[in-house]
Amino acid sequence: MEKYNIKNQIRRVGENFQDYFFPKNCLNCHEEGSWLCKSCKDSLFFIDTKSCPFCGQITDLFCSCNKCQKIIGIKKVFPLFKYGDPLAQKIIKGLKYRYLDDILLDLEPVLRKFFYKYNNLIEIEENTVLIPVPLRRYKQCERGFNQAEKIAEVISRILDIDIITDTVIKSKLTINQAELALKDRYNNLQNAFKLSCKPPKNVIIIDDVFT
């Protein structure tokens with residue numbers, strides 16, 4: 001307990017030091033105090049997607065169609081926000097390009113709200129694990145972290161599910177998916193990932209953007 005309290009005290013000192021010299025301002029309205037103020041967090045709306053994320057066919061909420069499930073193996077996709085939402089873009093760009101990994105502390109209550117709202121649709125079977133989409137090693141060294149891993153850490157706390165980071169590796173340099181047309185995105189990711197060992201049967205894949 002004493003060691004835990006000392007770690008907490010050191011962390012708080014570090015946070016106070018950072019906040020004093022590098023004050024946080026809301027990414028959206030620039031109010032001082034946090035990367036996401038309460039008002040702007042409340043303005044984020046979840047999207048209820050009732051079409052297959054791969055072919056567009058009408059489906060149940062967040063579900064892939066039967067045909068795509070057989071081909072791709074993904075049963076459901078849970079996007080939180082539309083990428084066209086200006087605030088959602090600022091959050092992602094702040095995380096990826098400004099390296100503001102602590103923005104997820106401000107976003108955690110929003111994630112908790114999402115999982116509470118759609119709890120009955122998230123099928124967590126026995127031995128389910130979270131696997132964040134890996135980065136190339138040089139990219140992770142440049143950024144200092146993998147944003148998908150950071151998101152997975154928050155979701156792990158919320159759902160009480162373990163994270164595995166050594167099962168999948170990024171084995172090929174790829175172009176930014178956002179820069180490609182839909183028809184080119186599949187080709188871009190062909191053979192881009194490899195398994196280092198047999199994966200668990202039940203997996204939730206975590207990434208920052210679904211293209």
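1. Are the residues on the two faces of strand β1 (residues 129–132) buried or exposed? On one side V129 and I131 are buried, and on the other side L130 and P132 are buried, which leaves both faces of the strand covered.

2. This is a predicted model, and confidence should be read before the details. The average pLDDT of the protein is 86, and 90% of the residues reach at least 70. Among the elements, β1 has the highest mean pLDDT, 95, while helix α1 (residues 2–21) has the lowest, 49.

3. Two stretches call for a separate remark. Residues 1–5 have a pLDDT below 50, and this stretch makes zero contacts in the model beyond near neighbours in sequence. The pLDDT is also below 50 over residues 11–16, again with zero contacts beyond near neighbours in sequence.

4. On strand pairing, β1 runs parallel to strand β4 (residues 203–206), and four bridges join the pair. One of the residues involved is L130 of β1, a buried residue, whose bridge partner in β4 is I204.

5. The second largest pocket holds about 220 Å³ of space. Its lining consists of 13 residues, and those nearest the centre are P134, L135, Q140, V168 and I169. Two elements, α6 (137–143) and β2 (168–170), each give two or more residues to this lining. The largest share, three residues, is from β2.

6. By residue class, the lining of the second largest pocket is mixed: five residues are nonpolar, five are charged and three are polar.

Methods:
Residues are numbered from 1 along each chain as its sequence is written. This is a predicted model: local features need pLDDT of at least 70, side-chain atom pairs count only at pLDDT 80 or more; totals for chains, interfaces and linings use all residues. Side-chain values use heavy atoms; hydrogens and water are left out. On a 1 Å grid over the protein atoms alone, a cavity is a set of points where a 1.4 Å probe fits but cannot get out, and a pocket is an open set with protein on both sides within 12 Å along at least five of seven lines; lining residues have an atom within 4 Å of a point. Grid points are joined across faces, edges and corners, and a volume is the space filled by probe spheres set on the points. Ala, Val, Leu, Ile, Met, Phe, Trp, Tyr, Cys and Pro count as nonpolar, Asp, Glu, Lys and Arg as charged, and the others, Gly among them, as polar. Buried means under 20% relative accessible area, exposed over 50%, partly exposed in between (1.4 Å probe, protein chains only). Two strands pair if DSSP finds at least two bridges between them. pLDDT is the predictor's confidence in each residue, from 0 to 100. Contact means heavy atoms within 4.5 Å.
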